[in-house]
Amino acid sequence: MKKMMAAAALLVGVCGVAQAGDFYVAGDISRTRFSGLGSDTGASIAGGYQFNANWGAELGFRFLGSGRETFTEGANKWDISARYRSIQLSGLGYLPLSDSFSVFGRLGYGTTKAQERVSVVSGSASASAKARDYRSSLLVGVGVDYALSKQLSIRGEYQRPASDVSVLALGLKYGF
């Protein structure tokens, strides 16, 4: 009897979560800062599921932008450039402050792909090299979400997708 009641309670809980949840898509425009390489404009697109008012999960793709640095060292002129992209999976914890306004925290995992190019010119000689680098790291973020309607909200967020990269983003979220 106890097992039957536990199974019924679990089923009701799962059905309640399924009915309370909402799928959504989100996108943003961002400003990305790279340690040592300046900053650039980026963008992202994501899909997520809001389990209830306090918890959600999200899978996203973020184009972090490009960074470039040039400098001279002795007779050598260096040019270093890189493009960054990231795939991110994260959990979100929401704290509703009113019916339309909430703050959230993000904790997840991301894999960042960097396409890098290094060239050096020394007098009339030059050399260059290209490389791809994949880094996986902890993803953390904090943000605010303001509901414009039942389905559409605007959100702002600060993210750290890698220890040397920070993102400030403003975007929209549309729920189904």
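This is a short tour of the structure, stop by stop, with something to select at each one.

**Getting oriented**

Keep in mind that you are looking at a predicted model. Colour the chain by secondary structure to begin. You should find one helix and eight strands, and from the N terminus on they run α-β-β-β-β-β-β-β-β. The chain has 176 residues, and 33% of them count as buried. If you switch on the surface, its accessible area comes to about 10,700 Å², with 64% belonging to carbon and sulfur atoms. Contacts reach well along the sequence too: among those between residues at least 6 apart, 54% join residues at least 24 apart.

**Stop 1: strands S1, S2 and S3**

Select residues 22–34 for strand S1 and residues 38–50 for strand S2. These two strands run antiparallel and are joined by 13 bridges. For a landmark, show Asp28, which stands opposite Ser44 in S2. Now follow the backbone around the turn: S1 and S2 form a hairpin with three residues between them. Click on Gly36 in that turn, where phi is positive, at about 85°.

Next, add strand S3, residues 55–73. A hairpin of four residues joins S2 to S3. S2 and S3 also run antiparallel, with eight bridges between them. Here the landmark is Ile45, which stands opposite Phe61 in S3.

**Stop 2: Thr41**

Stay in strand S2 and select Thr41. Is Thr41 buried, exposed or partly exposed? At 40% relative accessibility, Thr41 counts as partly exposed. Show Arg31 as well: the two residues are 10 apart in sequence, and their C-alpha atoms are 4.7 Å apart in space. Their side chains make a polar contact at 3.1 Å. Leaving aside residues up to four places away in sequence, Thr41 touches Ile29, Ser30, Arg31, Phe63, Leu64 and Gly65.

**Stop 3: the salt bridges**

Side chains of opposite charge can pair when their charged atoms come close. This structure holds six salt bridges, and three of them make good stops.

- Select Arg106 and Glu58, whose closest N and O atoms are 3.1 Å apart in a salt bridge. The pair links distant parts of the chain, with Arg106 in strand S5 (residues 101–122) and Glu58 in strand S3, 48 residues apart. Both Arg106 and Glu58 are buried. Widen the selection to Arg155 and Glu157, and you have a network of salt bridges linking Glu58, Arg106, Arg155 and Glu157.
- Move to Arg135 and Asp164, a salt bridge whose closest N and O atoms are 3.1 Å apart. Arg135 sits in strand S6 and Asp164 in the loop between S7 and S8, 29 residues apart. Arg135 is partly exposed, with a relative accessible area of 28%, and Asp164 is partly exposed at 27%.
- Finish with Asp145 and Lys173, whose side chains meet in a salt bridge at 3.6 Å, N to O. This pair links strand S6 to strand S8 across 28 residues. Asp145 is buried, and so is Lys173.

**Stop 4: Gln159**

Select Gln159 in strand S7, which covers residues 152–162. Why does Gln159 count as buried? Its relative accessible area is 2%, and buried means under 20%. Now show Glu157, a member of the salt-bridge network from the previous stop. The side chains of Gln159 and Glu157 make a polar contact at 3.4 Å. Expand the selection to the neighbours of Gln159, not counting residues up to four places away in sequence: Arg62, Gln88, Arg106, Leu139, Val140, Gly141, Val165, Ser166 and Val167. Arg106 may look familiar, as the partner of Glu58 in a salt bridge.

**Stop 5: a nonpolar patch on the surface**

Turn the surface back on and colour Leu95, Leu97, Phe101, Val144, Tyr146, Leu148, Ile154, Leu170 and Leu172. Together these residues make a nonpolar surface patch of about 810 Å². Which elements give two or more residues to the nonpolar patch? They are strand S6 (125–147) and strand S8 (165–175).

For a last click, pick Leu170 in strand S8. Leu170 is exposed, with a relative accessible area of 55%.

Note on methods
Residues are numbered from 1 along each chain as its sequence is written. This is a predicted model: local features need pLDDT of at least 70, side-chain atom pairs count only at pLDDT 80 or more; totals for chains, interfaces and linings use all residues. Side-chain values use heavy atoms; hydrogens and water are left out. Patches are made of residues with over 30% relative accessible area and no salt bridge: like charges are joined within 9 Å, nonpolar side chains (Val, Leu, Ile, Met, Phe, Trp, Tyr) within 5 Å. Accessible areas come from the Shrake-Rupley method with a 1.4 Å probe; for residues, only the protein chains shown count as cover. A salt bridge is a side-chain nitrogen of Lys or Arg within 4 Å of a carboxyl oxygen of Asp or Glu. Buried means under 20% relative accessible area, exposed over 50%, partly exposed in between (1.4 Å probe, protein chains only). A polar contact is a pair of N or O atoms within 3.5 Å; within protein, one must be able to donate a hydrogen and the other to accept it, and residues adjacent in sequence count only if both atoms are side-chain atoms. Contact means heavy atoms within 4.5 Å. Two strands pair if DSSP finds at least two bridges between them.
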